[in-house]
Amino acid sequence: MSRVPLSIVDFSSFFDGERPADAFRRSVDMARKAEELGYSRIWYSEHHNAATVASAVPALVTGHVAAHTSTIRLGAGGVMLPNHSPYVVAEQFGTLEEMHPGRIDLGLGRAPGTDRTTLARALRRPLNAAENFPSDIVELMHYLKGESLLPEIQAIPGRGTNVPLYVLGSSLYGAQLAAKLGLPYSFASHLFPPMLEQAVAVYRDTFEPSAVMSEPYVIAALNVTAAETEEEAARIHADMVRQHVVAMHFNGKVASEGEIEQLLASHVGKHYASMLDYYAHGTGPQVAEQLQAFAERAGADELMLLVKGPTTETNNRTLELVAESWGLAPAAAAGDPTTWRR
């Protein structure tokens with residue numbers, strides 16, 4: 001049976017009684033484990049004012065983890081480009097590529113990665129900044145190719161690094177844009193499942209070959225928990241969905257058990273829970289079967305896993321069980337699975 005590459009998205013989460021430093025240590029440990037097992041890449045996502053997420057600056061997290069690993073690809077999944085100058089992003093990821101050649105990815109998102117108040121008052125970005133997303137990507141591409149649209153201004157580092165770009169999305173907009181630009185497309189189905197199949201179909205049907213890629217390439221994300229027994233995986237799954245609903249609604253605020261139970265039974269709570277509809281859980285072989293079915297349903301060339309579990313140990317066990325059942329090998333971690341398409 002043909003197996004697509006498996007990769008990981010890491011939110012660098014930290015928990016009660018911890019600091020972001022604990023999350024970064026855990027991210028390094030996860031990357032080392034993933035590299036050892038043969039996962040293809042790990043991406044870090046940009047979030048702001050999120051009570052339990054430490055990956056506010058994906059470039060810094062990527063650089064830190066890259067310094068503690070050897071072969072696995074690393075990068076942003078993604079940088080929320082409307083929050084930044086394309087020039088600065090080119091410098092940041094150009095620097096990473098110069099330090100860790102052949103290992104750096106740059107996924108680009110259009111959403112702010114935060115709430116509107118934080119966007120306007122703390123990040124000080126206009127609420128309509130996302131309207132420039134297509135032109136910002138083009139500008140960034142030119143900086144990384146060394147063909148700046150402003151010849152007197154070059155991204156150094158950045159120029160000539162050709163860091164691979166990926167368009168992230170959860171709607172038809174991102175699919176259409178990725179197709180138009182001839183770039184790989186990554187759908188955030190681990191958090192926004194409803195439009196996955198339609199968006200992938202639009203992307204594949206309208207893809208225009210480019211100097212970057214001759215064929216479309218789809219990465220689809222989903223949540224995953226594997227355990228020694230089906231019962232243990234089901235218990236962790238239920239706990240993780242509950243934690244997700246509470247975190248989405250209360251964002252770090254203390255809530256009573258009664259408030260939590262009321263939330264879980266409400267329409268809002270069920271909506272938050274539905275964000276995790278794509279969630280493979282069970283024993284290793286059961287998860288592998290679910291991943292294969294999801295890859296076929298999504299028309300995915302690669303799967304991006306968000307590992308869900310209460311401890312480092314349970315997450316490491318998920319990585320091990322999935323890798324074993326999927327047939328991963330460490331050699332698969334070297335290079336970019338999409339390189340042959342360029």
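This is a guided tour of one protein structure, stop by stop, for use with a viewer.

**The whole chain**

Start with everything shown. The model is predicted. The protein has 12 helices and 9 strands. Its C-alpha atoms fill a box of roughly 60 × 50 × 40 Å along the principal axes. Why does the radius of gyration agree with a compact globule? A compact globule of 342 residues would have a radius near 20 Å, and the protein has 19 Å.

Now colour by burial. Of the 342 residues, 53% count as buried. The accessible surface comes to about 15200 Å², and 54% of that surface belongs to carbon and sulfur atoms. If you colour the charged side chains, you will find 27 positive and 39 negative ones. The centres of these two sets lie 4 Å apart.

One more number concerns the whole chain. Among contacts with a separation of 6 or more, 75% are between residues 24 or more positions apart.

**Stop 1: strand 3 and its cis bond**

Select strand 3, residues 73–80. Within this strand lies G78. The peptide bond between G77 and G78 is cis, with omega about 5°. Most peptide bonds are trans.

**Stop 2: strand 4**

Next select residues 104–109, which form strand 4. Strand 4 runs parallel to strand 3, and 5 bridges join them. To see one of these pairings, pick M80 and its bridge partner G109 in strand 4.

Is strand 4 mostly covered or uncovered? It is mostly covered: 6 of its 6 residues are buried. In a regular strand the side chains alternate between the two faces of the sheet. Here I104, L106 and L108 point one way, while D105, G107 and G109 point the other way. The residues on both sides are buried.

**Stop 3: strand 5**

Add strand 5, residues 165–169. Strand 4 and strand 5 pair in the parallel sense over 3 bridges. Pick L108 and its partner V167 in strand 5 to see one such pairing.

Strand 5 is largely enclosed by the rest of the structure, because 5 of its 5 residues are buried. L165, V167 and G169 point one way, and Y166 and L168 point the other. These residues are all buried.

**Stop 4: strand 6**

Select residues 185–187 for strand 6. This strand runs parallel to strand 5, with 3 bridges between them. Which residue of strand 6 stands opposite G169? F187 does.

**Stop 5: the loop before strand 5**

Go back along the chain to the loop between helix 5 (133–145) and strand 5. P157 lies in this loop. The peptide bond from I156 to P157 is cis, with omega near -5°.

N162 is in this loop as well, between helix 5 and strand 5. Its phi is near 50°, a positive value in a residue other than glycine. N162 has a relative accessible area of 44%, so it counts as partly exposed.

**Stop 6: S12**

Select S12, in the loop between strand 1 (6–10) and helix 1 (20–37). S12 has a positive phi of about 50° although it is not a glycine. Most residues other than glycine have a negative phi. Is S12 buried or exposed? S12 is buried, because its relative accessible area is 1% and buried means under 20%.

**Stop 7: A175 in helix 6**

Select helix 6, residues 172–181, and find A175 in it. A175 counts as buried, at 0% relative accessibility. Show what surrounds this residue: leaving out residues up to four places away in sequence, A175 touches Y185, A199 and Y203. For a distance to check in the viewer, use A175 and P5: they are 170 residues apart along the chain, and their C-alpha atoms are separated by 21 Å.

**Stop 8: S210**

The last selection is S210, in the loop between helix 7 (196–206) and strand 7 (218–226). S210 counts as partly exposed, at 25% relative accessibility. Which residues does S210 touch, not counting those up to four places away in sequence? It touches L181 and G182. S210 and Y143 are 67 residues apart along the chain, with 17 Å between their C-alpha atoms.

Terms used. Residues are numbered from 1 along each chain as its sequence is written. This is a predicted model: local features need pLDDT of at least 70, side-chain atom pairs count only at pLDDT 80 or more; totals for chains, interfaces and linings use all residues. Side-chain values use heavy atoms; hydrogens and water are left out. Helices (H or I, at least four residues) and strands (E, at least two) are DSSP runs, numbered from the N terminus. The radius of gyration is taken over C-alpha atoms; the globule rule is 2.2 Å times the number of residues to the power 0.38. Buried means under 20% relative accessible area, exposed over 50%, partly exposed in between (1.4 Å probe, protein chains only). Contact means heavy atoms within 4.5 Å. Accessible areas come from the Shrake-Rupley method with a 1.4 Å probe; for residues, only the protein chains shown count as cover. Lys and Arg count as positive and Asp and Glu as negative; His and the chain ends are not counted. The place of a charge is taken as NZ of Lys, CZ of Arg, CG of Asp or CD of Glu. Two strands pair if DSSP finds at least two bridges between them.
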